[in-house]
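Here are a few exercises to work through with the model open. Try each task before you read its solution.

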Amino acid sequence: MRIENDRVLRVLPGLGVELWRGVSLAELTSLGIGGTSDLLRITRHEAIPELLKLLDDGDVPHRFLGGGSNLLVMDGELPFAVLQLGQPNPDVVIEGNVARVDAAADLGKMVTFCAKRNLGGMEGLIGVPGTVGGALRMNAGAYGTQIGSYVREVKVYRAAAREIEILRGEQISFEYRHTSFAPDDMMLAVKLELPSKPYAEILQGIRICNEKRRASQPLGQKSAGCIFKNPGGVSAGRMIDELGLKGLMYGDARVSDRHANFFVNAGRASAADMLGLIADVRERVQQGYGVTLENEVVVWNA
Ligand code: EPU
């Protein structure tokens with residue numbers, strides 16, 4: 001949406017919030033799909049409560065964007081503004097076994113940074129695209145590791161209370177690809193407590209995970225990672241594959257030939273193409289296995 005509210009436009013610069021007009025979400029998401037909207041880039045956490053109050057009072061609907069790597073955005077002019085943390089150099093600060101990381105930091109870079117300081121445990125997360133904030137919100141995981149296991153504390157803007165809070169790890173529930181954060185909570189920073197390990201050992205773990213990923217996932221292609229959650233620990237990808245659905249296409253949205261739970265944008269796929277493919281595959285798995293697949297990908301519809 002285009003923000004027209006005069007008061008909002010006047011106050012934004014003083015808050016240190018940049019306004020980018022008519023940004024294409026296709027360029028901010030790993031699927032390369034999505035319409036346009038005004039984007040608000042926040043450079044100071046402290047500005048967030050006031051910014052959100054301003055937007056609510058000015059009737060400007062909005063959503064929070066992390067790294068855009070697990071997200072399918074609708075086509076056309078979006079009926080909401082998009083908010084993103086825009087720190088140019090997000091911090092990773094190490095004190096003993098604790099890494100304090102800004103939510104805007106790239107997950108992979110954070111894992112490597114910690115590894116070089118002999119802090120491990122997160123080797124499985126290497127290659128998971130996106131920001132630390134996005135990984136936290138959904139408790140991202142791979143190869144037996146999930147980020148929630150290492151969380152000591154999270155700094156979060158809680159939309160319901162309209163304030164920034166610090167939550168201890170025990171106050172948050174981290175389950176398989178799910179957390180107890182509310183959908184409109186905004187992750188700001190996290191403290192992770194990590195086990196000490198020699199760098200060489202961590203590096204070896206990272207190499208093994210990278211190789212497994214390269215061998216089984218369509219890494220060079222535009223995707224949102226796995227589309228569906230694994231129901232009850234069974235691989236959704238294996239079921240989709242066994243039904244012979246690799247290569248199935250709706251427009252340019254395609255079930256990957258390498259991993260059937262990755263749906264790739266093979267050209268100029270629209271959100272409608274991708275949603276059509278998701279609905280069709282879900283239906284076929286329902287008929288074939290009697291299992292209802294739940295989206296792992298977050299969908300931004302109206
Ligand atoms: N398989 C097939 N065909 C396929 C895909 C998989 O037969 O097209 C078989 C594999 O051969 C293997 C089994 O299914 O025997 C499991 O496959 P894989 O190791 O790829 O794991 P997955 O259960 O399909 C999960 C996560 C991935 C994560 C990998 C590795 C979910 C939904 N998926 O996939 O996470 O990278 O394990 O830990 O939990 C993501 O969350 O976006 C994601 C990609």
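**Exercise 1.** How far does a polar side-chain atom of K246 lie from an oxygen atom of the ligand?

Solution. Before you start, note that this is a predicted model, in which local features need pLDDT of at least 70, side-chain atom pairs count only at pLDDT 80 or more, and totals for chains, interfaces and linings use all residues. Residues are numbered from 1 along each chain as its sequence is written, and side-chain values use heavy atoms, with hydrogens and water left out.

Step 1: pick the polar side-chain atom of K246 and the ligand oxygen; they are 3.4 Å apart. A polar contact here is a pair of N or O atoms within 3.5 Å.

Step 2: do likewise for R177, where a side-chain N or O atom is 2.8 Å from a ligand oxygen.

Step 3: turn to E296, whose side chain puts an N or O atom 2.7 Å from an oxygen of the ligand. On its own the ligand exposes 810 Å², and the protein buries 73% of that (Shrake-Rupley areas, 1.4 Å probe).

**Exercise 2.** Work out what makes up the shell around the ligand, and where the ligand sits.

Solution. Step 1: list the residues with a heavy atom within 4 Å of the ligand. There are 20 around it, and Y143, Y176, C226, N230 and E296 come nearest.

Step 2: sort them by class, which gives seven nonpolar, seven polar and six charged residues. Gly counts as polar, while Tyr and Cys count as nonpolar.

Step 3: look for the top contributor: helix α6 (residues 236-242) gives the most, with three residues. Helices are DSSP runs (H or I) of at least four residues, and strands (E) of at least two.

Step 4: bring in the domains, whose bounds come from an automatic or database assignment. Domain 2 (92-200) and domain 3 (219-300) both give residues to the shell, so the ligand lies between them.

**Exercise 3.** Trace two open sheets and find their edges.

Solution. Step 1: take the four-strand sheet, ordered β1-β2-β5-β3 with mixed pairing (strands pair if DSSP finds at least two bridges between them). β1 (17-24) and β3 (62-65) each have a single partner strand, so one side of each has no neighbour in the sheet.

Step 2: zoom in on β1 and β2 (residues 36-42), antiparallel and joined by six bridges. E18 stands opposite R41 in β2.

Step 3: the three-strand sheet runs β15-β16-β17, with antiparallel pairing. Its edge strands are β15 (249-250) and β17 (263-265).

How values were computed
Polar contact = N/O pair within 3.5 Å; in protein donor to acceptor, adjacent residues only side chain to side chain.
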